[in-house]
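Let us take a walk through this structure together, one stop after another. Keep the sequence and the 3D view at hand as you read.

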Amino acid sequence: MQLIPYSLYPLVIKPFLFMMDAEKAHDLIIRSAAFLSKAPLKNIFAQQVAFRPVEVMGLIFKNPVGLAAGLDKNGEAIDYFGSLGFGHIEVGTVTPKAQDGNEKPRMFRIVEGSGIINRMGFNNKGVDYLVENLKKRTFDGILGVSIGKNETTPLENAVDDYLICLDKVYQYADYVAVNISCPNTPGLTKLQAKEPLKKILKPLKQQQEKLKEQYGKYVPLVVKMSPDLDDVALESLCKVCLELKIDGLTCTNTTTTRDIVNGMAHAQEWGGLSGQPLRSISNQLLIRAKKLVGDNIPIIGVGGVADPVSAREKLGNGASLVQLYTSLVYRGPYVVKDIVNNI
(Lines give C-alpha, C1' and ligand atoms only; values in the text may rest on other atoms or scores of the structure.)
Protein backbone atom coordinates (compact mmCIF):
# COMPACT_ATOMS: atom_id res chain seq x y z
CA MET A 1 0.00 0.00 0.00
CA GLN A 2 1.45 3.35 -1.07
CA LEU A 3 1.40 6.18 1.46
CA ILE A 4 0.95 8.70 -1.37
CA PRO A 5 -0.65 7.48 -4.63
CA TYR A 6 1.84 8.03 -7.42
CA SER A 7 -0.94 9.46 -9.59
CA LEU A 8 -0.72 12.54 -7.32
CA TYR A 9 2.94 13.15 -8.19
CA PRO A 10 2.20 16.00 -10.66
CA LEU A 11 0.15 17.84 -8.03
CA VAL A 12 2.13 17.20 -4.85
CA ILE A 13 5.79 16.36 -5.50
CA LYS A 14 6.60 17.72 -8.95
CA PRO A 15 5.90 21.40 -8.13
CA PHE A 16 8.27 21.15 -5.14
CA LEU A 17 11.03 19.49 -7.19
CA PHE A 18 10.65 21.93 -10.08
CA MET A 19 11.29 24.87 -7.75
CA MET A 20 14.80 23.44 -7.30
CA ASP A 21 17.78 23.43 -9.61
CA ALA A 22 17.42 20.38 -11.89
CA GLU A 23 20.54 18.60 -10.64
CA LYS A 24 19.77 19.31 -6.99
CA ALA A 25 16.31 17.81 -7.54
CA HIS A 26 17.93 14.80 -9.21
CA ASP A 27 20.26 14.31 -6.25
CA LEU A 28 17.35 14.57 -3.82
CA ILE A 29 15.44 11.94 -5.78
CA ILE A 30 18.40 9.56 -5.69
CA ARG A 31 18.96 10.06 -1.96
CA SER A 32 15.27 9.50 -1.27
CA ALA A 33 15.13 6.48 -3.58
CA ALA A 34 18.21 4.99 -1.91
CA PHE A 35 16.53 5.40 1.49
CA LEU A 36 13.30 3.86 0.17
CA SER A 37 15.24 0.90 -1.25
CA LYS A 38 15.44 -0.49 2.27
CA ALA A 39 12.84 -2.98 3.49
CA PRO A 40 10.07 -2.51 4.55
CA LEU A 41 9.87 0.95 2.94
CA LYS A 42 10.42 -0.52 -0.51
CA ASN A 43 7.33 -2.67 -0.09
CA ILE A 44 5.22 0.23 1.16
CA PHE A 45 6.03 2.32 -1.89
CA ALA A 46 5.98 -0.52 -4.44
CA GLN A 47 3.41 -0.55 -7.23
CA GLN A 48 2.01 -3.65 -8.87
CA VAL A 49 2.11 -3.89 -12.65
CA ALA A 50 0.96 -6.45 -15.19
CA PHE A 51 3.20 -9.43 -15.96
CA ARG A 52 4.08 -9.12 -19.66
CA PRO A 53 7.16 -11.32 -20.14
CA VAL A 54 9.36 -11.00 -23.20
CA GLU A 55 12.56 -12.85 -24.14
CA VAL A 56 15.34 -10.71 -25.56
CA MET A 57 19.06 -11.54 -25.90
CA GLY A 58 18.36 -14.87 -24.21
CA LEU A 59 17.06 -13.06 -21.11
CA ILE A 60 13.51 -13.16 -19.73
CA PHE A 61 12.20 -9.68 -18.94
CA LYS A 62 9.05 -9.38 -16.76
CA ASN A 63 7.88 -6.66 -19.12
CA PRO A 64 9.43 -4.61 -21.94
CA VAL A 65 9.75 -1.35 -19.97
CA GLY A 66 13.07 -0.38 -18.45
CA LEU A 67 14.81 2.50 -16.69
CA ALA A 68 17.43 4.11 -18.91
CA ALA A 69 21.00 4.72 -17.77
CA GLY A 70 21.84 8.10 -16.32
CA LEU A 71 19.35 8.32 -13.47
CA ASP A 72 20.94 5.87 -11.03
CA LYS A 73 24.55 6.21 -12.15
CA ASN A 74 26.04 4.50 -9.10
CA GLY A 75 23.43 1.82 -8.48
CA GLU A 76 22.41 3.38 -5.18
CA ALA A 77 18.64 2.95 -5.56
CA ILE A 78 18.20 -0.19 -7.67
CA ASP A 79 15.72 -1.82 -5.32
CA TYR A 80 13.42 1.20 -5.10
CA PHE A 81 13.32 1.72 -8.85
CA GLY A 82 12.78 -2.00 -9.27
CA SER A 83 9.77 -1.82 -6.95
CA LEU A 84 8.08 0.62 -9.36
CA GLY A 85 7.51 -2.19 -11.84
CA PHE A 86 10.38 -1.86 -14.31
CA GLY A 87 11.17 -5.04 -16.20
CA HIS A 88 14.80 -4.00 -16.31
CA ILE A 89 17.04 -1.29 -14.90
CA GLU A 90 20.19 0.07 -16.51
CA VAL A 91 22.64 1.74 -14.14
CA GLY A 92 25.67 3.86 -15.01
CA THR A 93 27.30 5.09 -17.09
CA VAL A 94 30.23 4.02 -14.93
CA THR A 95 33.95 4.58 -15.52
CA PRO A 96 37.02 2.84 -14.04
CA LYS A 97 37.87 5.77 -11.77
CA ALA A 98 35.53 8.17 -10.00
CA GLN A 99 35.17 11.53 -11.71
CA ASP A 100 33.29 14.75 -11.03
CA GLY A 101 32.09 15.35 -14.58
CA ASN A 102 31.58 18.76 -16.14
CA GLU A 103 31.22 22.07 -14.32
CA LYS A 104 27.85 23.03 -12.85
CA PRO A 105 25.21 24.01 -13.78
CA ARG A 106 24.95 21.09 -16.19
CA MET A 107 21.31 19.98 -16.17
CA PHE A 108 18.41 22.06 -17.47
CA ARG A 109 14.69 21.42 -17.84
CA ILE A 110 12.99 22.35 -21.11
CA VAL A 111 9.62 22.60 -19.40
CA GLU A 112 7.64 23.75 -22.45
CA GLY A 113 8.83 20.69 -24.35
CA SER A 114 8.90 18.14 -21.50
CA GLY A 115 12.60 17.68 -22.11
CA ILE A 116 15.94 17.86 -20.32
CA ILE A 117 19.35 19.03 -21.50
CA ASN A 118 22.28 17.59 -19.58
CA ARG A 119 26.02 17.81 -19.92
CA MET A 120 26.90 15.81 -16.83
CA GLY A 121 30.02 14.23 -18.34
CA PHE A 122 29.92 10.71 -16.85
CA ASN A 123 30.01 11.94 -13.26
CA ASN A 124 30.13 8.82 -11.09
CA LYS A 125 31.85 7.27 -8.07
CA GLY A 126 33.79 4.68 -10.05
CA VAL A 127 33.22 1.07 -10.99
CA ASP A 128 34.31 -0.41 -7.65
CA TYR A 129 31.67 1.62 -5.78
CA LEU A 130 29.03 0.52 -8.28
CA VAL A 131 29.99 -3.15 -7.94
CA GLU A 132 29.48 -3.03 -4.16
CA ASN A 133 25.96 -1.74 -4.74
CA LEU A 134 25.29 -4.42 -7.36
CA LYS A 135 26.23 -7.06 -4.81
CA LYS A 136 23.65 -5.74 -2.32
CA ARG A 137 20.65 -5.46 -4.64
CA THR A 138 17.59 -7.64 -4.14
CA PHE A 139 15.84 -6.54 -7.36
CA ASP A 140 15.07 -9.72 -9.28
CA GLY A 141 14.50 -8.12 -12.67
CA ILE A 142 17.08 -7.75 -15.42
CA LEU A 143 19.99 -5.48 -14.50
CA GLY A 144 22.09 -3.77 -17.16
CA VAL A 145 25.28 -1.79 -16.60
CA SER A 146 26.34 1.03 -18.92
CA ILE A 147 30.12 1.38 -19.18
CA GLY A 148 32.26 4.25 -20.47
CA LYS A 149 35.71 5.78 -20.35
CA ASN A 150 37.25 8.35 -18.06
CA GLU A 151 37.55 11.81 -19.58
CA THR A 152 41.31 11.85 -18.96
CA THR A 153 41.82 8.62 -20.91
CA PRO A 154 42.93 9.36 -24.50
CA LEU A 155 40.57 8.06 -27.20
CA GLU A 156 43.27 5.73 -28.53
CA ASN A 157 43.36 4.02 -25.11
CA ALA A 158 39.60 4.03 -24.53
CA VAL A 159 39.31 0.28 -24.98
CA ASP A 160 41.35 -0.23 -21.80
CA ASP A 161 38.72 1.59 -19.73
CA TYR A 162 35.86 -0.40 -21.28
CA LEU A 163 37.69 -3.67 -20.60
CA ILE A 164 38.33 -2.72 -16.97
CA CYS A 165 34.65 -2.00 -16.45
CA LEU A 166 33.52 -5.14 -18.27
CA ASP A 167 35.80 -7.32 -16.14
CA LYS A 168 34.51 -5.83 -12.90
CA VAL A 169 30.76 -5.77 -13.59
CA TYR A 170 30.40 -8.93 -15.68
CA GLN A 171 29.44 -11.40 -12.96
CA TYR A 172 26.93 -8.98 -11.40
CA ALA A 173 25.21 -7.79 -14.61
CA ASP A 174 22.60 -9.40 -16.84
CA TYR A 175 23.81 -7.35 -19.80
CA VAL A 176 26.45 -4.67 -20.37
CA ALA A 177 25.81 -1.54 -22.48
CA VAL A 178 28.79 0.03 -24.23
CA ASN A 179 28.25 3.80 -24.21
CA ILE A 180 30.17 5.29 -27.13
CA SER A 181 27.61 7.94 -28.00
CA CYS A 182 27.23 10.35 -25.07
CA PRO A 183 27.73 13.87 -26.45
CA ASN A 184 28.99 15.21 -23.13
CA THR A 185 32.40 13.52 -22.99
CA PRO A 186 34.86 15.18 -25.40
CA GLY A 187 35.50 13.07 -28.50
CA LEU A 188 33.50 10.07 -27.32
CA THR A 189 31.12 10.00 -30.30
CA LYS A 190 34.16 9.58 -32.59
CA LEU A 191 34.28 5.99 -31.32
CA GLN A 192 31.19 5.26 -33.43
CA ALA A 193 33.26 5.44 -36.65
CA LYS A 194 34.17 2.11 -38.26
CA GLU A 195 37.78 1.57 -37.21
CA PRO A 196 37.59 3.08 -33.69
CA LEU A 197 34.41 1.08 -33.11
CA LYS A 198 36.09 -2.18 -34.12
CA LYS A 199 39.01 -1.33 -31.87
CA ILE A 200 36.58 -1.07 -28.96
CA LEU A 201 34.13 -3.87 -29.69
CA LYS A 202 36.41 -6.65 -30.95
CA PRO A 203 38.44 -6.86 -27.70
CA LEU A 204 35.22 -6.59 -25.69
CA LYS A 205 33.70 -9.54 -27.55
CA GLN A 206 36.90 -11.55 -27.04
CA GLN A 207 36.87 -10.74 -23.33
CA GLN A 208 33.18 -11.57 -23.14
CA GLU A 209 33.99 -15.10 -24.31
CA LYS A 210 36.74 -15.47 -21.68
CA LEU A 211 34.46 -14.19 -18.93
CA LYS A 212 31.71 -16.52 -20.06
CA GLU A 213 34.04 -19.46 -19.43
CA GLN A 214 35.26 -18.01 -16.14
CA TYR A 215 31.82 -17.34 -14.63
CA GLY A 216 29.73 -19.93 -16.45
CA LYS A 217 27.24 -17.40 -17.80
CA TYR A 218 26.85 -15.36 -20.96
CA VAL A 219 26.33 -11.62 -20.44
CA PRO A 220 25.16 -9.89 -23.64
CA LEU A 221 26.87 -6.77 -24.97
CA VAL A 222 24.70 -3.86 -26.16
CA VAL A 223 25.92 -0.86 -28.14
CA LYS A 224 24.26 2.51 -27.49
CA MET A 225 24.21 4.81 -30.52
CA SER A 226 23.65 8.51 -31.16
CA PRO A 227 20.44 9.75 -32.78
CA ASP A 228 22.54 12.19 -34.80
CA LEU A 229 24.21 9.61 -37.08
CA ASP A 230 23.79 10.17 -40.79
CA ASP A 231 22.95 7.26 -43.11
CA VAL A 232 26.57 6.43 -43.92
CA ALA A 233 27.68 6.45 -40.27
CA LEU A 234 24.69 4.39 -39.18
CA GLU A 235 25.23 1.79 -41.89
CA SER A 236 28.89 1.53 -40.90
CA LEU A 237 28.04 1.10 -37.22
CA CYS A 238 25.41 -1.55 -37.92
CA LYS A 239 27.76 -3.47 -40.20
CA VAL A 240 30.42 -3.61 -37.50
CA CYS A 241 27.87 -4.77 -34.92
CA LEU A 242 26.57 -7.47 -37.27
CA GLU A 243 30.08 -8.62 -38.13
CA LEU A 244 31.13 -8.89 -34.48
CA LYS A 245 27.81 -10.43 -33.40
CA ILE A 246 26.93 -7.70 -30.93
CA ASP A 247 23.95 -8.86 -28.87
CA GLY A 248 21.84 -5.68 -28.85
CA LEU A 249 21.56 -2.05 -29.92
CA THR A 250 20.15 0.88 -27.99
CA CYS A 251 18.44 3.53 -30.12
CA THR A 252 19.23 6.14 -28.90
CA ASN A 253 21.34 8.35 -26.68
CA THR A 254 20.56 12.06 -26.33
CA THR A 255 20.73 14.50 -29.25
CA THR A 256 22.70 17.70 -29.83
CA THR A 257 20.11 19.07 -32.26
CA ARG A 258 17.86 21.88 -31.05
CA ASP A 259 15.50 22.56 -33.99
CA ILE A 260 12.35 21.45 -32.21
CA VAL A 261 13.03 23.41 -28.98
CA ASN A 262 14.44 26.62 -30.41
CA GLY A 263 13.18 29.63 -28.47
CA MET A 264 12.28 27.66 -25.35
CA ALA A 265 13.95 28.43 -22.01
CA HIS A 266 17.42 26.82 -21.73
CA ALA A 267 17.32 25.51 -25.32
CA GLN A 268 20.62 27.29 -26.03
CA GLU A 269 22.51 25.25 -23.40
CA TRP A 270 24.98 22.74 -24.79
CA GLY A 271 24.65 19.06 -23.97
CA GLY A 272 22.39 16.13 -24.78
CA LEU A 273 18.66 16.71 -25.18
CA SER A 274 16.25 14.01 -23.96
CA GLY A 275 12.52 13.56 -23.44
CA GLN A 276 9.68 14.46 -25.79
CA PRO A 277 11.86 16.56 -28.15
CA LEU A 278 13.92 13.44 -28.83
CA ARG A 279 10.95 11.21 -29.67
CA SER A 280 10.75 11.76 -33.42
CA ILE A 281 14.53 11.86 -33.96
CA SER A 282 15.11 8.61 -32.07
CA ASN A 283 12.19 6.92 -33.82
CA GLN A 284 13.60 7.81 -37.21
CA LEU A 285 16.97 6.32 -36.32
CA LEU A 286 15.29 3.24 -34.85
CA ILE A 287 13.45 2.61 -38.12
CA ARG A 288 16.66 3.05 -40.13
CA ALA A 289 18.64 0.76 -37.81
CA LYS A 290 15.94 -1.92 -37.89
CA LYS A 291 16.12 -2.02 -41.69
CA LEU A 292 19.87 -2.54 -41.49
CA VAL A 293 20.01 -5.24 -38.79
CA GLY A 294 16.61 -6.90 -39.29
CA ASP A 295 15.99 -9.63 -36.74
CA ASN A 296 19.70 -10.33 -36.29
CA ILE A 297 20.17 -7.83 -33.44
CA PRO A 298 17.38 -6.85 -31.01
CA ILE A 299 16.90 -3.14 -30.36
CA ILE A 300 16.13 -1.21 -27.17
CA GLY A 301 14.11 1.90 -28.02
CA VAL A 302 14.85 5.03 -25.97
CA GLY A 303 13.87 8.67 -26.42
CA GLY A 304 10.52 10.27 -25.68
CA VAL A 305 8.86 7.23 -24.12
CA ALA A 306 6.25 8.93 -21.92
CA ASP A 307 2.99 7.00 -22.27
CA PRO A 308 1.54 3.79 -23.77
CA VAL A 309 1.27 5.35 -27.25
CA SER A 310 4.92 6.42 -27.44
CA ALA A 311 6.01 3.03 -26.07
CA ARG A 312 3.86 1.18 -28.63
CA GLU A 313 5.36 3.42 -31.28
CA LYS A 314 8.88 2.20 -30.44
CA LEU A 315 7.78 -1.44 -30.34
CA GLY A 316 5.91 -1.02 -33.61
CA ASN A 317 9.01 0.45 -35.22
CA GLY A 318 11.02 -2.64 -34.36
CA ALA A 319 12.20 -2.29 -30.76
CA SER A 320 12.00 -5.35 -28.52
CA LEU A 321 12.30 -3.29 -25.32
CA VAL A 322 11.84 0.36 -24.36
CA GLN A 323 13.46 2.54 -21.74
CA LEU A 324 12.50 5.84 -20.14
CA TYR A 325 14.05 8.44 -17.87
CA THR A 326 12.86 11.99 -18.59
CA SER A 327 9.17 11.06 -18.42
CA LEU A 328 9.77 9.77 -14.89
CA VAL A 329 10.80 13.33 -14.01
CA TYR A 330 7.74 14.89 -15.63
CA ARG A 331 5.07 12.28 -14.84
CA GLY A 332 6.45 10.50 -11.79
CA PRO A 333 6.53 6.78 -10.94
CA TYR A 334 2.97 6.23 -12.19
CA VAL A 335 4.29 6.46 -15.76
CA VAL A 336 5.80 2.98 -15.34
CA LYS A 337 2.51 1.36 -14.34
CA ASP A 338 0.60 3.27 -17.02
CA ILE A 339 2.87 2.07 -19.80
CA VAL A 340 3.34 -1.53 -18.64
CA ASN A 341 -0.38 -2.07 -18.13
CA ASN A 342 -1.42 -0.52 -21.42
CA ILE A 343 1.10 -1.48 -24.06
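Our starting point is Asp247, which counts as buried at 15% relative accessibility. Keep in mind as we go that this is a predicted model. The side chain of Asp247 meets that of Lys205 in a salt bridge, with 3.6 Å from N to O. Asp247 sits in the loop between α9 and β10, while Lys205 belongs to helix α8, so the pair ties together parts that are 42 residues apart in sequence. What about Lys205: is this residue buried or exposed? Lys205 is buried too, with a relative accessible area of 14%.

In general, side chains of opposite charge can pair when their charged atoms come close. A search of the whole structure turns up 13 salt bridges, and two others are worth a visit. One of them links Glu313 with Arg279, whose closest N and O atoms are 2.7 Å apart. Glu313 lies in helix α11, residues 308-316, and Arg279 in helix α10, so this pair ties together parts that are 34 residues apart in sequence. With a relative accessibility of 30%, Glu313 counts as partly exposed. The other is formed by Asp338 and Arg331, with 3.1 Å between the closest N and O atoms. Here Asp338 is buried, at a relative accessible area of 14%, whereas Arg331 is partly exposed at 28%.

Now go back to helix α9, the element that precedes the loop holding Asp247. How far apart should the ends of α9 be? The helix has 13 residues, 231-243, and at 1.5 Å a residue it should span 18 Å; its end C-alpha atoms are 18 Å apart, which agrees. At the N-terminal end of α9, Asp230 acts as a cap: one of its side-chain oxygens lies 3.2 Å from the backbone nitrogen of Val232. Just after the helix, Lys245 takes a positive phi of about 60 degrees.

Which residues of α9 are buried? They are Leu234, Ser236, Leu237, Cys238, Val240 and Cys241. These buried residues pack against two helices, α8 (194-215) and α10 (279-293), and against two strands, β9 (221-225) and β10 (248-251). Two of these partners are familiar by now: α8 carries Lys205, and α10 carries Arg279.

Next, find helix α3, residues 22-36, where Glu23 is located. Glu23 is buried, having a relative accessible area of 5%. Leaving aside neighbours within four places in sequence, Glu23 is in contact with Lys104, Arg106, Met107 and Met120. Lys104 is a good residue to follow further, for a cis peptide bond joins Lys104 to Pro105, with omega at about 0 degrees. Pro105 is in the loop between β4 (88-94) and β5 (107-110). A second cis bond runs from Cys251 to Thr252, where omega is near 15 degrees. Thr252 is found in the loop between β10 and β11 (272-275).

The backbone has other features to look for. Ser114 is not a glycine, yet this residue has a positive phi of about 50 degrees. Ser114 lies in the loop between β5 and β6 (115-118) and is partly exposed, with a relative accessible area of 28%. Phe122, also not a glycine, has a positive phi of about 55 degrees. Look for Phe122 in the loop between β6 and α6 (127-136); at 4% relative accessibility, Phe122 counts as buried.

Another loop, the one between β3 (65-67) and α5 (78-83), is the place of Gly75. At 6% relative accessibility, Gly75 counts as buried. Which residues does Gly75 touch? Not counting residues up to four places away in sequence, Gly75 touches Val91, Leu130 and Asn133. For a sense of distance, the C-alpha atoms of Gly75 and Glu313 are separated by 29 Å, and the two residues are 238 residues apart along the chain.

Our last stop is on the surface. Leu8, Leu11, Val12 and Ile13 make a nonpolar patch there of about 350 Å². Val12 is part of helix α1, residues 9-12, and counts as partly exposed at 46% relative accessibility.

Methods:
Residues numbered from 1 in each chain as written. Predicted model: local features only at pLDDT ≥ 70, side-chain atom pairs only at ≥ 80, totals over all residues. Heavy atoms only, no water. Helix = DSSP H or I, 4+ residues; strand = E, 2+ residues; numbered from the N terminus. Expected span 1.5 Å × (residues − 1). Buried < 20%, exposed > 50% of the residue type's maximum accessible area, 1.4 Å probe, protein only. Contact = heavy atoms within 4.5 Å. Polar contact = N/O pair within 3.5 Å; in protein donor to acceptor, adjacent residues only side chain to side chain. Patch = residues over 30% accessible without salt bridge, like charges linked within 9 Å, V, L, I, M, F, W, Y side chains within 5 Å. Areas by Shrake-Rupley, 256 points an atom, 1.4 Å probe, with all protein chains shown as cover. Salt bridge = Lys/Arg side-chain N within 4 Å of Asp/Glu carboxyl O.
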